[in-house]
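Me: I have a structure open and would like to go through it with you piece by piece. Please start with whatever I need in order to read the labels.

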Amino acid sequence: MPERFMDPILANAIIRATEAAAIAAFDLAGRGDEQQADQAAVDAMREALNQIPMQGRIVIGEGERDEAPMLYIGEEVGTGDGPEIDIALDPLEGTTLTAKCMPNALSVLAIAPRGGMLHSPDVYMDKIAVGPGYEPGLVTLDQSPSDNVLALAKAKGVAPEDISVCILDRPRHEKIIESCRSVGARVVLITDGDIAGVINTTDKATGIDMYLGQGGAPEGVLAASAMKCIGGQMEGRLFFRNEDEKARAARAGIKDFGRIYKLDEMVSLPTVFCATGVTRGGLLDGVIRKDGRVETETLIMTSYDGATRRVRTSRPL
């Protein structure tokens, strides 16, 4: 890994990118316009990224070039000098949450040396994740949800009733929810924001032991970046609804459509993960405006040293 990738200047620069996007999105929180809030976050993040001394390439972004005019997959960002960096980003994870001023909206970004992240197509992904401290392979998509709950409970030395599983509240998850509850697990349903759902498994304060369910594959790679930094476990398997989505995956270089990707396959090289709260949630405080200043809280994780930091920033409006 290039030494400059570990440069604190680069880490600090991506914090400024997520902070800028979070502040821009928060200005539109509760206004009811998802698209406008998302665009404001995209504009602010792109401007910040283009000031960073790097040769950046978007590998997880707002969509393919014909669908997204900015921060599209393949777009080059940065000053054009410095290290070659792959970037996965979601300037506003939780557009609906922001439009309704609901908790847990985030601005998220992860970087790795060139070639270090799975180039995931914009399709669905089956996901399972648990936090750090367990034997490798403890949970897997090859097992039923109930078996995974029982395995985790045994590893923790607790009853299944003491296991909390975070799942997106969607009709497609009815069988997963039923399976978890059949062995006594507590199911914590969330309306949106499965990146935060996955990351919550790494923080004991959230009370979340496992994440399960189907969400966006790009968000899966972003969440995997965080899990790689903290030492958690995660698996993902792409899910295709039609032949068009399979064709999109093939263009991205995917050959085995049924493959279960391990964490180190989704993010194969050292990574830095950064998330700034837009609206207050269980993981991070949201943007706060008071006394002529704006405050943010950012979580930054680095895989090369396993460090997790929280950065609170206050600056004049």
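Reply: Helices, which are H or I runs of at least four residues, and strands, which are E runs of at least two, are taken from DSSP and numbered from the N terminus. With those labels, N104 can be placed in the loop between α3 and β4. Please also keep in mind that this is a predicted model.

Me: ok, and what is the phi of N104 like?

Reply: N104 has a positive phi of about 80°, although it is not a glycine. Most residues other than glycine have a negative phi. C101, which is found in the loop between α3 and β4, also has a positive phi, of about 55°, and is not a glycine either.

Me: how accessible are those two? N104 first, then C101.

Reply: N104 counts as partly exposed, at 25% relative accessibility, and C101 counts as partly exposed too, at 46%.

Me: which side chain reaches the backbone nitrogen of N104?

Reply: That is the side chain of T279, which reaches the backbone nitrogen of N104 at 3.3 Å. T279 has its place in the loop between β11 (272-277) and β12 (288-290), and leaving aside its neighbours within four places in sequence, T279 is in contact with M102, P103, N104, A105, L284 and G286.

Me: is T279 buried or exposed?

Reply: T279 is buried, because its relative accessible area is 6%, and buried here means under 20%.

Me: switching to β4 then. how many of its residues are buried?

Reply: In β4, 8 of its 8 residues are buried, so the strand is mostly covered, going by the under 20% cut-off. β4 pairs with β3 in the antiparallel sense over 7 bridges, and L89 stands opposite L109 in β4. β4 also pairs with β11 in the antiparallel sense, over 6 bridges, where L106 stands opposite G277 in β11.

Me: what packs around helix α2?

Reply: The buried residues of α2 pack against α1 (8-26), β2 (76-77), β3 (84-93), α3 (95-99) and β4 (106-113). Those buried residues are A37, D38, A40, A41, V42, A44, M45, A48 and L49. The helix itself, residues 34-49, has 16 residues and reaches 23 Å from its first C-alpha to its last, close to the 22 Å expected at 1.5 Å a residue.

Me: and which residue caps its N-terminal end?

Reply: D33 caps the N-terminal end of α2, with a side-chain oxygen lying 3.2 Å from the backbone nitrogen of Q35.

Me: new topic, α5. which residues are buried there?

Reply: In α5 (residues 174-182), the buried residues are I176, I177, S179 and C180. Seen down the axis of α5, these residues fall within an arc of 165°, so they line one face of the helix. The face turned away from that buried side carries the exposed residues E174, K175, E178 and S182.

Me: why would residues a few places apart share a face?

Reply: An α-helix has 3.6 residues a turn, so residues three or four places apart point the same way.

Me: what covers the buried side of α5?

Reply: The cover of its buried residues includes α4 (145-156), β6 (164-168), β7 (186-190) and β8 (210-216). Just after α5, G184 takes a positive phi of about 100°.

Me: in what order do the strands of the 6-stranded sheet run?

Reply: The order in this open sheet is β7-β6-β8-β5-β9-β10, with mixed pairing. Its edge strands are β7 and β10 (260-262), each of which pairs on one side only. Neighbouring strands of the sheet are turned by 20° against each other on average, with direction ignored.

Me: which helix packs on that sheet?

Reply: Helix α7 (residues 217-230) packs on it, touching β5, β8 and β9 (233-239), and its direction makes about 20° with that of β5. Of the strands that α7 touches, β5 (residues 124-130) and β8 pair in the antiparallel sense over 7 bridges, and the bridge partner of V130 in β8 is M210.

Me: last one, where does S120 lie?

Reply: S120 lies in the loop between β4 and β5, and it is buried, with a relative accessible area of 3%. Leaving aside its neighbours within four places in sequence, S120 is in contact with I60, A217, P218, V221 and L238.

Technical notes
Residues are numbered from 1 along each chain as its sequence is written. This is a predicted model: local features need pLDDT of at least 70, side-chain atom pairs count only at pLDDT 80 or more; totals for chains, interfaces and linings use all residues. Side-chain values use heavy atoms; hydrogens and water are left out. The expected span of a helix is 1.5 Å times one less than its number of residues. Buried means under 20% relative accessible area, exposed over 50%, partly exposed in between (1.4 Å probe, protein chains only). Contact means heavy atoms within 4.5 Å. A polar contact is a pair of N or O atoms within 3.5 Å; within protein, one must be able to donate a hydrogen and the other to accept it, and residues adjacent in sequence count only if both atoms are side-chain atoms. The arc is that of the directions from the helix axis to the C-beta atoms. Two strands pair if DSSP finds at least two bridges between them. Axes are lines fitted to C-alpha atoms, for helices over the stretch in contact, and angles run from 0 to 180 degrees between N-to-C directions.
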